[in-house]
Structures are given as structure tokens and as C-alpha cells.
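Reader: I'm new to this structure and a bit lost. Could you pick one part, look at it closely with me, and then show me how the rest connects to it?

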2 protein chains.
Amino acid sequence: MITIKDLAEKAGVSYATVSRALNGRAEVSETTRARIIALAQEMGYQPNAVARSLVSQKSSTIALIVPDVSNLFFADITMTVHKAADDHGYTTMVCNTSWDPAKEQEKLKIMVQQRVEGIILKPTAFIKPGILEALSLPLVLFWHAMDDNLSYVEVDHAAGAQMAMHHLIEKGYKRIAYLGGVETSPSNQIRQMSYQKALQEAGLPVDPRLISYGSFSLESGFKRLGSLMRLEQPPDALFCGSDLIAMGALQYARNHNLSVPGDLGIIGFDDVACASLPLVNLTTIEQPRDELGEAALKALLDEISVFPKRTKQRILIKPKLKIRSTT
Amino acid sequence: MITIKDLAEKAGVSYATVSRALNGRAEVSETTRARIIALAQEMGYQPNAVARSLVSQKSSTIALIVPDVSNLFFADITMTVHKAADDHGYTTMVCNTSWDPAKEQEKLKIMVQQRVEGIILKPTAFIKPGILEALSLPLVLFWHAMDDNLSYVEVDHAAGAQMAMHHLIEKGYKRIAYLGGVETSPSNQIRQMSYQKALQEAGLPVDPRLISYGSFSLESGFKRLGSLMRLEQPPDALFCGSDLIAMGALQYARNHNLSVPGDLGIIGFDDVACASLPLVNLTTIEQPRDELGEAALKALLDEISVFPKRTKQRILIKPKLKIRSTT
DNA sequence: CTGAAAGCGCTAACAG
DNA sequence: CTGTTAGCGCTTTCAG
């Protein structure tokens, strides 16, 4: 691989001059510059970013660490973060933790060693406050941060749940069930509270038999709707914790000749790609991945610019109601 | 950020010793090693991979360049390449070209400058032979390479089409239509040939009215099935160029009360995530993303090990038949 | 405008 | 076993 020295030798100048010429610095005569640029082209010179990083102490690289790149949600986010970083001249190193906290630690360490200029992280699990701060690197989380100084970007789950409930109530549904996600998940808890609040504000009773938790999966939705339909007074609508849960319920409804949205209104959460397929056509609350990604990158750039201080941003992205044929 | 020199000073040894101790080289007494490791831990030392790369001339980094990270197909591949690279101690830089050849060139250049040790590339368009070879870097393509020396990994579309056709014929379908993808796409052309060959081998007539091309989209499938059903002798089965085309057709069938698979058998290609949803449940030919990704990485490692020679591998991955409810 | 020289943080001979 | 020293390829003073 050809270096600046090779160019200098060929051009009969010092390699400092070559560096200056190539970096467009003012203190070089236009003639030598032209000559050197031409030569570089001709000899196929490619600057060594590694050496450059070493001396400049900047890598123009950021890291994005997510649990699962192949998950559609993170894939979308990866895309937008990547694009936004690109626009600002940053290259992105994408890491995958496979939902493994140990791997997450390892990846963080590697990224520090690679001297990335900042990290955007979707944590795999609850993080002890302080542990990330100790990284002493610009950092943005896709998560409500704890009581440390970190910035985060998150979807406003309360607002999303409220939109969903208002929509169902407006449509005239009276017995709305909540098919929640994993009970302990923060987003689930926030949404459940909004669910109850919305019912109360509408003067509708809160029936605990209509509230359930479970995994964010198809099967879970299918099974839970089955239980609900065996109640004396089954629900006339479902607010689901994820599109998968909703699709499981939808499947149950189709199998049992329940008309949707006539007998049963269904609304999901996320707006995954399949939700908008004609065969599915699910009403849902979109978590806008593009905004999440862009906001995270913007926050990170801010963090980078003030580092080692922290900007400590708290960014809530507004979700969007997507009305389709299941309500 | 603390360096090897800081450690040396604190420990009262030369920094060469620190380097040796930290890198687990034999020629250090265990006592000093222990002392230095403890000190490094205590002071929060993190080796500078940039400096290390500069001297060792290896970055332990590879690049994966794809048109669209958020595309489910590439997201899966990104995942497996990433994981496989990880297992071999490589970090992956993921790049996105947005199907833009100019961006592709730019990304390739940046990756060369970053001194990655190899590149896995899904080209956005036909590539002029030679242009990539000139990179003089280990390289693997997701594409049939031209007449240059590059390695590639690709799905065996001929075999996939054959499996699909055999399956339909075995099920007793007699008038099988081909709803192809973009006419000029190489995969489409290969599959179409297999389609005709399979019909002929089964002693079934090839009716040109049953052959069509179009975009790989839902709408395209929907519309084209409409045309087919208006023929005097409509088909009794469809071999589709993508799952999306198949799902569009499936949608048409549902809307028009055609029973699937009774009146009409449908088989897709790809096995995207939605295809296996109960609501869809599409019979299809899977393009195994995991194998593609792993094979590509393996090929790249080979390329790296023999570089600057080329291994020139031609790897065809066998697709798999996924029988579901539409046939 | 250009050259000489120092140094980014680290590894790897080469001497002791 | 340990220290000294020379670079890896580049940017950036500091002198001319």
C-alpha cells in the first residue's frame, strides 16, 4: 500500500508538503498541489485513516450497539442512524449483543478500544447507574436512563397508549381488554397505566379480568384472546402490547369466525412491516424508527461536542396512530 | 485517556515491559506481570486499537457493504456475517449504499482507507469487471462475479425453481403460471428457464400466456393474478418470483373467493418473515440467509489468508422448500 | 511557500 | 527477564 512518503519521493518534495497539499491547506503553491494530487491519483494513493486517527485523536467513527440487528425494529433504527451519521461524515460500527449482557460489556470495551467518538446503545437489560458513565465517552441510550447523567431517546409510550385508547373509545367500543406485554417491562407498565386512566376518564369500568400480561408473541395473543372469549362478558375490543400479540389475536378471531372490527376491534403497537400488509391490515400505534434513529444521532453529536461534559438530553418521540381495517 | 507510558511510569518499568505483560508474552516475570495487570485494571487502562493497528498493520476489522440494512433480507445477512465475524475476533463495519452506485464507490474507498482486512459486498448494480479487483483487498461478493478473479456466494436459483415446480407438479397442478420478477434480473431469468424445463420434463405444455414479469411487489402480484383469472383457461397454480408477489396474489384470491390451495396453489420465493405468519402461511422457497452470511464470511477469511492471491470461490447455497398451507 | 523534526500509542527487534 | 530504540503513516509546529 502506497504512502505519503512514496509520493514525496516521486514528487521530489518533503512528505510534509504532500500532506499539506492533499489536505487542502492554504500554505502550498497551487502548482505543486496540482502536481501532487495528480500523482496521488496516478499512483492510487489512499490515505491511511488509522495513522490519521492516531495523530488527530479523532476516528470519525461512532458505534451503534443493539441486541439484534436482524430484528426489524433495530434494523430500521440501524438504517437511520447509519444514514444520519453518514451525512455528518461519520462511519458507523454496528455491534450485536444477542441480548447478552456479557457480550454487551465486551462490545462496549471493544468500541472504547477502537476509540470511536461516541456510542449509541440499546441496553439488553437494566443497567446499573454509573457503570456506563464510567466509560467516559459520549453516549446515548435507547432507554429511560437511570439517575445518572446520560442522554436518552425513547418513544412516549404513555402518549401512544392514550392515542390507542381514545381511538377505540371513539369508535364506540365499551369493553376494552388490555393484552399487555411482559409484565415487568417498563413500556408495558407505562401503557397499562394509560389504559386504566383512559377508561376512567371515559367513565368506563376497569375490569381486572380484561387485563393480562405475557410475551410479546403471536402465540401469546392467540391464547389470551381464547381465554377472554370464554368469559361471561367477553371484550368487544383489544388494546395489544405489540403487533405480534395483536396478530395472534386476529388469527384467533379469523379461526373462530369473529368479525373484525364488527364483533371485535383490535389495535396493536409498533407498526412492524407485516402490520400494513393487506392480508393483515392491522390498526396500530407506530413507533417511528426513523425519528428515533435520527434523534439518537443528533443527541450523540451534541454529546460529542460538549464532551467530557454531558448534555443529559431526555427525548421522547411521539408515536403515531395508524388506522387500518381492524378497528 | 491513559496510555502504556502512564502505566510504565507508575510501575517503574519501561513501557516495553508493560506491553509485554499486557500482551501475555512469555518473557516477563509473573510477579511484574501481575503487578502491571493489576495496575492497568486499577487505572482503567484500555489499549488503543488504533495505535495497535498502525504498527501491526492489521485492523481485525472487516466491512460489510449492502444496499439497505433495513431490508429484512440484508438485515438477516448482516446479523449472521456479524456473528460469524465476531467468532473469529473481527469487528464489522456495516455500510449502506442505498442502492446508489456512487455511494457504493465512496463506501468502498472509505473502507480501504480504514484499512479493513476484507470486504463483503452486495453490489447495487452490475459491476464492470476489474474495477473491484483493483481494490487489492480481500473481497467476497453476494453476486455471480464476472470474469474477474473474485469470490462469490449466491443462492442456487435454478435448484430453487426446480424444487418449487416439482412440488407443484407432485401436488397435481396442471396449469402452472410463472409470475416472475423484474425481467432483466439474473435470478428471474434463471428461474424462468427452470420453470419451463420442469414443465417440459413433466410433459406439461408451456403456455406463454401464463408467463409474466414485473416488479417484486405485492401490487404486481395482485394485478397480474387478476389478468390471469380473466383468461379462458386460468391457471390452477402460481410459481411466484418473490413472497411479496405471492402475497399479492394470495390477497387477490381471498378477495375473489378463490380457495387456496383448492382452486389455486401458490408458491413464493425468499421466505421473508411474514410468509410464515399464520395469517399468511405461504408455501415458499427459502433463501437461507444464515448460510449465505456464514459462507460469505468463511470465504472472506480464506481470501484474507491467501491475500494478495485470490481463492476465487464459487459458492452456491441450496435453497429450501417450506411447505405451508397455500399448496 | 517548503523542509526538518517531533510525536500520536503501540509492537518488536536488539542488546544487555 | 528487562530496557533501549526504531519505526507504523500521518499531522503539525517551528524554522528557514
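## Starting from one salt bridge

Author: Happy to. Let's start with A:Arg289, which forms a salt bridge with A:Asp76; their closest N and O atoms sit 3.1 Å apart. Along the chain these two partners are 213 residues from each other, so to find them, look for A:Arg289 in helix α11 (residues 289-306) of chain A and for A:Asp76 in helix α5 (residues 72-87) of chain A, since the pair links distant parts of the chain. Bear in mind as we go that you're looking at a predicted model. Over all chains, the structure holds 22 salt bridges.

Now zoom out a little. The domain assignment splits chain A into domain 1 (4-47), domain 2 (61-154 + 289-317) and domain 3 (157-286). Notice that domain 2 is written as two stretches, 61-154 and 289-317. How far apart are the C-alpha centres of domain 1 and domain 2 of chain A? They lie 38 Å from each other.

Chain A has a partner copy, chain B. To lay chain A on chain B, turn it by 180° and shift it 0.1 Å along the axis; the RMSD is then 0.2 Å. The two copies are thus related as by a two-fold rotation axis. If you want a landmark for that axis, try A:Met93: among the residues of chain A, its C-alpha comes closest, at 2.3 Å. Of the interface residues of chain A, 100% are interface residues in chain B too, so the copies meet through the same surface.

On to the DNA, beginning with strand C. Around DNA strand C there are 28 residues, and the nearest of them are A:Thr17, A:Arg20, B:Ile4, B:Ser19 and B:Tyr45. Of the strand C atoms that come within 4 Å of the protein, 63% are accounted for by sugar and phosphate. Some polar contacts are worth clicking on here. The side chain of B:Tyr45 has an N or O atom 2.5 Å from a phosphate oxygen of DNA strand C. B:Ile4 uses its backbone instead, with an N or O atom 2.6 Å from a phosphate oxygen of that strand. From chain A, a polar backbone atom of A:Ser14 is 2.9 Å from a phosphate oxygen of strand C.

Which helices line this surface near DNA strand C? At least two residues each come from α2 (15-22) and α4 (49-56) of chain A, along with α2 (15-22) and α4 (49-56) of chain B. By type, the residues there are 13 nonpolar, 10 polar and 5 charged.

Next, strand D. It has 28 residues around it, with A:Ile4, A:Tyr45, B:Thr17, B:Arg20 and B:Glu27 coming nearest. Sugar or phosphate makes up 60% of the strand D atoms within 4 Å of the protein, and bases make up the rest. An N or O atom in the side chain of A:Tyr45 is 2.5 Å from a phosphate oxygen of DNA strand D. The side chain of B:Thr32 also has an N or O atom by a phosphate oxygen of strand D, at 3.0 Å. B:Gln57 goes for another kind of atom: one of its polar side-chain atoms is 3.2 Å from a sugar or linking oxygen of strand D. Two or more residues of the surface near DNA strand D come from each of α2 and α4 of chain A and α2 and α4 of chain B. Here the count is 13 nonpolar, 10 polar and 5 charged residues.

Finally, a few backbone oddities. Most residues other than glycine have a negative phi, and most peptide bonds are trans. A:Ser136, though, isn't a glycine and has a positive phi of about 45°; look for A:Ser136 in the loop between β3 (118-121) and β4 (139-141) of chain A. Over in chain B, the bond joining B:Val260 and B:Pro261 is cis, with omega about 15°, and B:Pro261 sits in the loop between α10 (243-255) and β9 (265-270). From B:Phe307 to B:Pro308 the peptide bond is cis as well, omega being near 10°. You'll find B:Pro308 in the loop between α11 (289-306) and β11 (314-317) of chain B.

Note on methods
Residues are numbered from 1 along each chain as its sequence is written. Chains are lettered from A and ligands numbered from 1 in the order in which they are written. This is a predicted model: local features need pLDDT of at least 70, side-chain atom pairs count only at pLDDT 80 or more; totals for chains, interfaces and linings use all residues. Side-chain values use heavy atoms; hydrogens and water are left out. A residue is near a molecule or strand if one of its heavy atoms lies within 4 Å of it. A polar contact is a pair of N or O atoms within 3.5 Å; within protein, one must be able to donate a hydrogen and the other to accept it, and residues adjacent in sequence count only if both atoms are side-chain atoms. Helices (H or I, at least four residues) and strands (E, at least two) are DSSP runs, numbered from the N terminus. Ala, Val, Leu, Ile, Met, Phe, Trp, Tyr, Cys and Pro count as nonpolar, Asp, Glu, Lys and Arg as charged, and the others, Gly among them, as polar. Copies are superposed by least squares on the C-alpha atoms of residues with pLDDT of at least 70 in both. Contact means heavy atoms within 4.5 Å. Domain bounds come from an automatic or database domain assignment. A salt bridge is a side-chain nitrogen of Lys or Arg within 4 Å of a carboxyl oxygen of Asp or Glu.
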